[in-house]
Amino acid sequence: MTFRVSSSGFRVGATRWVALRCTGDPPFETPQGRPGRPYLEPETRNPNPETGDRKYGRQAGFTLIELLVVIIIIGLLAALDGPKLFGRVGKGKQAAAQAQIELFGAALDNFRLDVGRYPTSDEGLRALLVNPGAIENWDGSYLKKEEIPLDPWGHPYVYKSPGEHGDYDIFSYGGDGVAGGEGENQDLVSWKGIRRGSERVE
């Protein structure tokens, strides 16, 4: 075994140890001056750059095969859990649309208390935000938002007054934006709740 000492460190066999200065210590000079308190650690550089020996000082990392294995595992997990997750997203949108329809209903009731009637089909839901034509006793806005919100799928809510099912009808055409449909594409209406298979959620 060889043992060599220099001003910057020493070598034991194939490992070279270097002197490092602690934070707050004076600069490390030479063994003769000894002004600081250096400590030693093994040098992590390749000890033999000419031969390319990587036995010492090898850096940790991932191989291409390891990354491919991780990607495959993530893909399998997404395939297993994805449909359940997407189904819950659809149900959440339906619940949000139904809740917004109920909020429209409360605002329309306040409109009626002030004006004595519900907005006509031509006046639409926008009558809850702005007075459509100098209506006497109009005391809006009756909504907190500055614009009539769209349904969770980005489509406008449909409003009719008088309605076929009451003083007014409000509905969303669901995910497909057209009348009818099942599942996420079913219509959400003001006169009945959401249909879940053979059940109806009020």
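# Briefing on a predicted one-helix, nine-strand chain

Across the whole structure, a search finds 7 aromatic pairs. One of them joins W138 and Y142 in an edge-to-face arrangement, with 5.7 Å centre to centre and 90° between the planes. The model is predicted. The protein chain holds 1 helix and 9 strands, and 23% of its 202 residues count as buried.

**Overall layout**

- Read from the N terminus, the elements follow the order β-β-β-β-α-β-β-β-β-β.
- Among contacts in the protein chain with a separation of 6 or more, 35% are between residues 24 or more positions apart.
- The protein chain exposes about 14,200 Å², and 55% of this comes from carbon and sulfur atoms.

**Aromatic rings**

- W138 and Y142, the two members of the edge-to-face pair, are both buried.
- Ring pairs also bring in F111, which forms a cluster with W138 and Y142.
- F111 appears again in the largest nonpolar core, as one of the residues that touch the most other members.

**The largest nonpolar core**

- This core has 22 residues, of which L108, F111, L125, L128 and I170 touch the most other members.
- Helix 1, residues 64-115, gives the most to the core, with 7 residues.
- Beyond residues up to four places away in sequence, L108 touches Y118, P119, L125, L128, Y159, Y168 and I170.
- Three of these partners, L125, L128 and I170, are themselves named with L108 among the core residues that touch the most other members.

**The sheet of strands 5, 6 and 7**

- An open sheet is formed by 3 strands in the order 5-6-7, with antiparallel pairing.
- Strand 5 and strand 7 (188-189) are the edge strands, and each pairs on one side only.
- Between strand 6 and strand 7 the antiparallel pairing runs over 2 bridges.
- S172 of strand 6 stands opposite L188 in strand 7.

**S172 in strand 6**

- S172 counts as buried because its relative accessibility is 0%, under the 20% limit.
- The side chain of S172 makes a polar contact with the side chain of D151 at 2.8 Å.
- A polar atom of the S172 side chain also lies 3.2 Å from the backbone nitrogen of G174.
- Apart from neighbours within four places in sequence, S172 is in contact with I101, D151, W153, Y157, D187 and L188.
- Two of these residues have a further role described here: D151 is the side-chain polar partner, and L188 is the residue opposite S172 in strand 7.

**S161 and the loop between strands 5 and 6**

- S161 lies in the loop that runs from strand 5 (158-160) to strand 6 (169-172).
- With a relative accessible area of 13%, S161 is buried, because buried means under 20%.
- The side chain of S161 reaches the backbone oxygen of P119 at 3.3 Å.
- Not counting residues up to four places away in sequence, S161 touches Y118, P119, T120, S121, D167 and Y168.
- Y118, P119 and Y168 are also among the residues touched by L108.
- The peptide bond from S161 to P162 is cis, with omega near 0°, and P162 is found in the loop between strand 5 and strand 6.

**The loop between helix 1 and strand 5**

- A second cis peptide bond joins G140 and S141, where omega is about 15°.
- S141 has its place in the loop between helix 1 and strand 5.
- A134 lies in the loop between helix 1 and strand 5, and its phi is near 55°, a positive value in a residue other than glycine.
- A134 counts as exposed because its relative accessibility is 69%, over the 50% limit.
- N137 is also placed in the loop between helix 1 and strand 5, and its phi, near 70°, is likewise positive in a residue other than glycine.
- N137 is exposed, with a relative accessible area of 51%.

Notes:
Residues numbered from 1 in each chain as written. Predicted model: local features only at pLDDT ≥ 70, side-chain atom pairs only at ≥ 80, totals over all residues. Heavy atoms only, no water. Helix = DSSP H or I, 4+ residues; strand = E, 2+ residues; numbered from the N terminus. Buried < 20%, exposed > 50% of the residue type's maximum accessible area, 1.4 Å probe, protein only. Polar contact = N/O pair within 3.5 Å; in protein donor to acceptor, adjacent residues only side chain to side chain. Contact = heavy atoms within 4.5 Å. Core = buried A, V, L, I, M, F, W, Y, C linked by side-chain atoms within 4.5 Å. Phe/Tyr/Trp six-rings, centres within 6.5 Å; stacked < 30°, edge-to-face > 60°. Pairing = 2+ DSSP bridges. Areas by Shrake-Rupley, 256 points an atom, 1.4 Å probe, with all protein chains shown as cover.
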